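Thanks for coming. Please look at the structure on the screen while I go through some of its parts.

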Amino acid sequence: MKDIHTLSLPQLQQWMKERQQPAFRAKQLYEYLWKQNVTSFQEMLSLPQALRDLLAGEFLLAKAAFADMQESADGSVKYAVRMSDGAVVEMVLIPSRNRSTLCVSSQVGCPLNCRFCATARMGFSRNLNAYEMYAQVFAARQESEARFGHPLSNIVWMGMGEPLLNFEAVKAAVERVTDPEGMGMSPSRITLSTSGHCDGIRQMARELPSVHLAVSLHTADARQRQELMPIGGKYPLSALSDALADYHERTNNRITLEYMLLKDVNDSLRHVRLLLDFCRRFPVKINLIEYNTHPYAPYQPSDADTFRRFAQSLEEKNLIVNVRRSKGRDIAAACGQLANEKKNSGKM
Ligand code: SAH
């Protein structure tokens, strides 16, 4: 059986029509699915019982449930979310003064094998569908209101997986999240983060131009990037630069570059110069990220002085630099750490 969430509104309308149901039933059903996120057909009380039974006989209604949860001393909360087939992904809710940001997963595991990333060690199981991503957002919105007393304000596709390798589903999820019949969130509050999938970046420029783009760059040394991030073999730095120039030309958006400082790997003044060069073709904002150590990779975070110097050297050239202190370090909230721990020890 097919999950009902895989049908678009026009498809639901068609389904209703074929069964001689009034057209407005499709809209009602759609709202139950995407506005209220009900978890069974029997909860759809304004649909006639016979129609509910008909739906239940023909479709599945996927559910996503928290399998586990852990709070960090800094306030961020990490959840393991279990999908209908038992697959588990992580999401992290990060509160700040009067807003909160959700870090959402797009795949179960990841096929890209970045050397520093814990998710990579899990391998790749499957793509999440649009509903499975939407369900993370829906749950996070409820959690944000219940826990922090303010609405979910931002979403970043920076959890497990590479969103641009699952573009159609991510796009459908973004459409539901931004649809007034869904959650009605502004696309300007949504960011997709990619390891540098150039075809995906070009597609994003054309099909999701009002969503922000972040690129996990981590080094502007072409050879080193290929070593750290094997996707740099298929899409070398020069191709990435071209794709970002195209992206900017089409959308006029500023691009966020994520740069994680790894001790004695990518934190020298030579790396600053390479990064400055890379930033010439399009307007950027640079997020300098503190590396979260974990047992699956040999790297260490750069020391505080080196980190400061790196940031200063960029600022001196008038670049916008944000320093991202590692959040949720005590709960292993870095990409992939959660699910790995779960896999290895059976608990979070
Ligand atoms: N595949 C996408 C989105 C998921 S990764 C991408 O690559 O952008 C989310 C971010 O966390 C990426 O910038 C990734 O490089 C970074 N990251 C991975 N492991 C990390 C670690 N141990 N410490 C800090 N950041 C990490």
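**Loops, strands, a ligand and two helices**

Let me start with Q20, which lies in the loop between α1 (9-18) and α2 (24-34). Keep in mind that this is a predicted model. What is the phi of Q20? The value is positive, about 55°, although Q20 is not a glycine. Most residues other than glycine have a negative phi. Q20 also counts as exposed, because its relative accessibility of 68% is over 50%.

N113 is another residue to look at for its backbone. Its phi is near 65°, again positive in a residue other than glycine. N113 sits in the loop between β7 (107-109) and β8 (124-127). Is N113 buried, partly exposed or exposed? With a relative accessible area of 33%, N113 is partly exposed, because that value falls between the cut-offs of 20% and 50%.

A third loop residue is G149. You will find G149 in the loop between α4 (130-148) and β9. G149 counts as exposed, at 63% relative accessibility. Now find F24, which is 125 residues from G149 along the chain. How far apart are the C-alpha atoms of G149 and F24? They are separated by 35 Å.

Next, the strand β9 itself. Strand β9 covers residues 152-157, and N154 lies in it. N154 has a relative accessible area of 15% and is buried, because 15% is under the 20% cut-off. Its side chain makes a polar contact of 2.9 Å with the side chain of S153. Leaving out residues up to four places away in sequence, which residues does N154 touch? They are R99, S100, T101, L102, M185 and R189.

Now to the ligand. There are 20 residues around the ligand, and those that come nearest are G161, S193, S216, H218 and N292. Take S193 from that list: one of its polar side-chain atoms lies 2.6 Å from an oxygen atom of the ligand. The side chain of E162 has an N or O atom 3.1 Å from a nitrogen atom of the ligand. With T194, the atom concerned belongs to the backbone: a backbone N or O atom lies 3.5 Å from an oxygen atom of the ligand.

Stay with T194 for a moment. T194 is part of strand β10, residues 190-194. Its relative accessible area is 1%, so T194 is buried. What joins the side chains of T194 and E162? A polar contact of 2.8 Å does. E162 is also one of the residues T194 touches once those up to four places away in sequence are left out. The others are L164, I201, L213, A214, V215 and S216. S216 came up a minute ago, among the residues that come nearest to the ligand.

Two more distances along the chain. The first concerns A169, in helix α5, residues 167-178. A169 is buried, with a relative accessible area of 14%. A169 and N127 are 42 residues apart along the chain, and their C-alpha atoms are separated by 8.5 Å. Beyond its neighbours within four places in sequence, A169 is in contact with L128, N129, A130 and M133.

The second concerns R82, in strand β4, residues 77-83. R82 is partly exposed, at a relative accessible area of 39%. R82 and R273 are 191 residues apart along the chain. Where is R273 in space, going by the C-alpha atoms? The separation from R82 is 44 Å.

Last, a pair of helices. Two packed helices are described by the angle between their axes and the distance between the axes. Here the pair is α10, residues 269-278, and α11, residues 304-316. The angle is about 35°, and the axes are 10 Å apart. The crossing of α10 and α11 is right-handed. Which residues make the contact? From α10 they are L269, H271, V272, L275 and L276, and from α11 they are F310, S313 and L314. Sorted by class, the contact has six nonpolar and two polar residues, and no charged ones.

That is the end of my list. Please rotate the model and find these residues for yourself.

Technical notes. Residues numbered from 1 in each chain as written. Predicted model: local features only at pLDDT ≥ 70, side-chain atom pairs only at ≥ 80, totals over all residues. Heavy atoms only, no water. Axes fitted to C-alpha atoms, helices over the stretch in contact; angles between N-to-C directions. Helix = DSSP H or I, 4+ residues; strand = E, 2+ residues; numbered from the N terminus. Left-handed = near helix turned anticlockwise from the far one by under 90°. Contact = heavy atoms within 4.5 Å. Nonpolar A, V, L, I, M, F, W, Y, C, P; charged D, E, K, R; others polar. Buried < 20%, exposed > 50% of the residue type's maximum accessible area, 1.4 Å probe, protein only. Polar contact = N/O pair within 3.5 Å; in protein donor to acceptor, adjacent residues only side chain to side chain. Near = heavy atom within 4 Å.
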